[in-house]
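User: I'm new to reading structures and would like a close look at one part. Could you pick a single side chain, walk me through what it touches, and then show me what else is worth looking at around the model?

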Amino acid sequence: MIIQYRMFSMISLIGCMLLAGCDSNETKVTVQSSAQPTLQTVPTLPPSSTVVASAAPTSLPDSVLPYSQPPPAATAVPSPAALASPAQPSESKQPATIKASSAKPPAASPKPQPIPDRLFPSSILTMDRQEGLGMQDGKLLYTKNTGKTWEVKIPDGMQIKDRLLAADFLSPFLGYAYYLTDAKQPKLVATQWLQDGSSLPAHWKSAALPTEEAWETSTNVSVYSNLSLTYPDPSYALLTSSPAAGLMGKSLYRTDDQGTSWQRVSDISSAINGYPTGIAFPHSNDGWITATYHGPDKFPLFRTQDGGKTWAVQHVEIPDEFKNGYANTFSPVFDQEGDQHGLFIAQFALGDSRTYVPYETHDGGNTWLPLKYRLTDVQESPVYHFDNLIEGRAISTDGKSIYTMRTYNKEDWQQIVPNIILKDAKQFFLNMDGFGWVVLNGHLMITMDGGRTWSAP
């Protein structure tokens, strides 16, 4: 009995010690867990910006890609030790960090998005050393820093949803932009940017053309206009439809009050064969329409002498070596210093060869004679063209040469070798003072030395 009682007492004592030990362990767990909230002050790791930057194009150097947003500066990712709260540095050494490692990882960073390109016109309308106009996706764009940046320009009276169909400018303040209004009964509106010598700010003047045919207010209409630095009035606008079953609608409009109002001249669909390439009116009633016409029976140079009411094919001399082929013609330009002197370009096609022949007049267009200064293997209009100073410019097909000519000098084409390849240029302009621009692979390149060196604006 005594032995049994002592054994019972020892068992009870051991049980109490075990119970006391359990209480001590629970207290330690409670202390450990109380330090855990300090781990929540560790900030989430920022996503690396270099991932987003990789979305920028890398096929060409940055100097040739001026229209992509520059990549953001890379952000260094701090180490986990550096992210610990400086007020409690010892917490990082506590066993609680072992539990923190079992927590769920932070949410994945969002998928990087491509860096959007800046606004850039698909077609440049005019540009000098600073100001310029262009168009893209039915919007008029404006630059005041030689094409470095562009902004949308909405003329007075137009809405952002109205669509720019065509435009023709010799300078930002000399030309017309043609809009199709967004309405149940759309209108074709001609608008121009005006700036006079008064204190009034630049403003826009607009007027709707009195269209009659449904195709004239469709999104497929094309507009060609004549502009002259010397004769702003009258101005004409030639409207053409998209060809359907080989037929193309053509109508002519005219303004005599600098765009305040327009009048319909006539439907000239049957009078003009081929697809028009341009229109020119150096005088009030004397004008020309040029066209592409793939047939040897007609040279597509159409003339009117009654303000566009009637038209006839004008006879010109065709060099013997091209009489078995066909010709395409491009709009005449007349000297701003004397309206008797003018020039247009004919492209003669014979087999696979293409030869460009300039035609010149000294009697206001009554007679046109082919010049001996010819070019072959050059990129087509609008890269190859003449302006109102009767200066010509072209780029070779391989892009390795630029050709320029001034008809006053009576010299043949002069060759310039650029520092870059200008193959597949979309537009090209070179001025007498050495300034010029070219649209190449969707980018704008500028020259200040007459085409010898080119760089991004």
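Analyst: Start with the side chain of Gln379, which reaches the backbone oxygen of Ser396 at 2.9 Å. That isn't its whole story: a polar atom of the Gln379 side chain also lies 3.1 Å from the backbone oxygen of Leu422. Keep in mind that this is a predicted model, and the distances are computed from it.

Where does Gln379 sit? It is found in the loop between β21 and β22. Is Gln379 buried or exposed? Its relative accessibility is 10%, so it counts as buried, because the cut-off for buried is under 20% relative accessible area.

Stay in that loop for a moment, as there's more to see. Asp377 is found in the loop between β21 and β22 too. With 51% relative accessibility, Asp377 counts as exposed, since exposed means over 50%. Asp377 also has a positive phi, about 55 degrees, although it is not a glycine. Then there's Pro382, again in the loop between β21 (375-376) and β22 (385-386). The peptide bond that joins Ser381 and Pro382 is cis, with omega at about 10 degrees. So here's the picture of this loop: a buried Gln379, an exposed Asp377 and a cis bond between Ser381 and Pro382.

Now for another loop. Asn441 has a positive phi of about 55 degrees and is not a glycine either. You'll find Asn441 in the loop between β27 and β28. Its relative accessible area is 57%, so Asn441 is exposed.

That loop takes us straight to a sheet. Three strands make up an open sheet, ordered β26-β27-β28, with antiparallel pairing. At the edges stand β26 (425-430) and β28 (443-447); each has a single partner strand, so one side of each has no neighbour in the sheet. From one strand to the next, the twist averages 15 degrees. If you want to trace the pairing yourself, β26 and strand β27 (residues 436-440) run antiparallel and are joined by five bridges. One pair to look for is Leu430 with its bridge partner in β27, Gly436. As background, strands of a sheet pair through backbone hydrogen bonds, either parallel or antiparallel.

Next, try a sheet with four strands. This one is open as well, in the order β5-β6-β7-β8, and its pairing is antiparallel. Its edge strands are β5 (163-171) and β8 (203-208), each of which pairs on one side only. Neighbouring strands here are turned against each other by 20 degrees on average, direction ignored. Inside the order, strand β6 (residues 174-180) and strand β7 (residues 188-194) run antiparallel, with four bridges between them. To find the match-up, go to Ala177: its bridge partner in β7 is Thr191.

Strand β10 is a good place to think about burial. How many of the residues of strand β10 (residues 235-240) are buried? Six of the six are, so the strand is largely enclosed by the rest of the structure. You can see this on both faces: Ser235, Ala237 and Leu239 point one way, Tyr236, Leu238 and Thr240 point the other way, and all are buried.

β10 has pairing partners, too. Strand β9 (residues 222-225) pairs with β10 in the antiparallel sense over four bridges, and Tyr224 has Leu238 as its bridge partner in β10. Strand β11 (residues 250-255) is joined to β10 by six bridges, and the two run antiparallel. There, Ala237 has Tyr253 in β11 as its bridge partner.

Last stop: an empty space. The structure holds one cavity of 30 Å³ or more, and the largest cavity has a volume of about 50 Å³. Which residues line it? The lining includes a run of names you can click through, among them Val152, Lys153, Ile154 and Pro155, along with Met158, Gln159, Asp162 and Tyr179. Sorted by class, the lining of the largest cavity has seven nonpolar, two polar and three charged residues.

Methods. Residues numbered from 1 in each chain as written. Predicted model: local features only at pLDDT ≥ 70, side-chain atom pairs only at ≥ 80, totals over all residues. Heavy atoms only, no water. Buried < 20%, exposed > 50% of the residue type's maximum accessible area, 1.4 Å probe, protein only. Pairing = 2+ DSSP bridges. 1 Å grid on protein atoms, 1.4 Å probe; cavity = no way out; pocket = protein on both sides within 12 Å on 5 of 7 lines; lining within 4 Å. Points joined across faces, edges and corners; volume = space filled by probe spheres on them. Nonpolar A, V, L, I, M, F, W, Y, C, P; charged D, E, K, R; others polar. Axes fitted to C-alpha atoms, helices over the stretch in contact; angles between N-to-C directions. Polar contact = N/O pair within 3.5 Å; in protein donor to acceptor, adjacent residues only side chain to side chain.
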